[in-house]
Amino acid sequence: SSFSFSNLGDNVINEVVLNLLKAGQAQEEILMDHLVPRLQAAIVASTDSGFGRSRLVQEKLIDFFVPFLPLEKQPVRLCAQDAFLSQELLYTEKALDEVAKNMVCVPKENQIFSSQGCKSIAQRINYFLP
């Protein structure tokens, strides 16, 4: 088995998740079946990336695509809290709120998902020390 990580299809994942949230479904209830077919189709149809045009994708040599759900504000706060704790830094609820508020969010109209993951959050916490 081999693994490859890519952000290809992130717009598709965001769109599917947003539509499910609008329909009243909680993010915790979203299943792989909701995402994988659309993600796989988007990657196969992608002609603007080397990975989308690769032999792996074109010859269907990838058995399974694993979607990463976008982070909403509460998980962003948890990532920030973990980052503070892992560096043994003090934090306040206000600092966690500030970290979440200052993340670049998508889609432009709703801005409910962080455009970056926990790793980038950990790199920013020094700006929000109490």
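Here are a few friendly notes on the salt bridges in this predicted model.

1. To set the scene, there are five salt bridges in the structure. The points below go through some of them, together with the exposure of the residues involved.

2. Let's start with Glu15 and Arg38, whose side chains form a salt bridge with an N to O distance of 3.2 Å. This pair joins distant parts of the chain: Glu15 belongs to helix H1 (residues 10-22) and Arg38 to helix H2 (residues 32-45), with their positions 23 residues apart. Glu15 is partly exposed, at 40% relative accessibility. Arg38 is partly exposed too, with a relative accessible area of 36%.

3. Next comes the salt bridge between Arg55 and Glu59, where the closest N and O atoms lie 3.3 Å apart. Have a look at the surface here: Arg55 counts as exposed at 58% relative accessibility, while Glu59 counts as partly exposed at 45%.

4. Arg77 deserves a look as well. Its side chain meets that of Glu93 in a salt bridge, at 2.6 Å from N to O. Again the pair links distant parts of the chain, with Arg77 in helix H4 (residues 73-86) and Glu93 in helix H5 (residues 93-101), 16 residues apart.

5. Is Arg77 buried or exposed? Arg77 counts as buried because its relative accessibility is 15%, and the cut-off for buried is under 20%.

6. Finally, please view Arg77 and Glu93 together with Asp97: a network of salt bridges links these three residues.

Methods
Residues numbered from 1 in each chain as written. Predicted model: local features only at pLDDT ≥ 70, side-chain atom pairs only at ≥ 80, totals over all residues. Heavy atoms only, no water. Salt bridge = Lys/Arg side-chain N within 4 Å of Asp/Glu carboxyl O. Helix = DSSP H or I, 4+ residues; strand = E, 2+ residues; numbered from the N terminus. Buried < 20%, exposed > 50% of the residue type's maximum accessible area, 1.4 Å probe, protein only.
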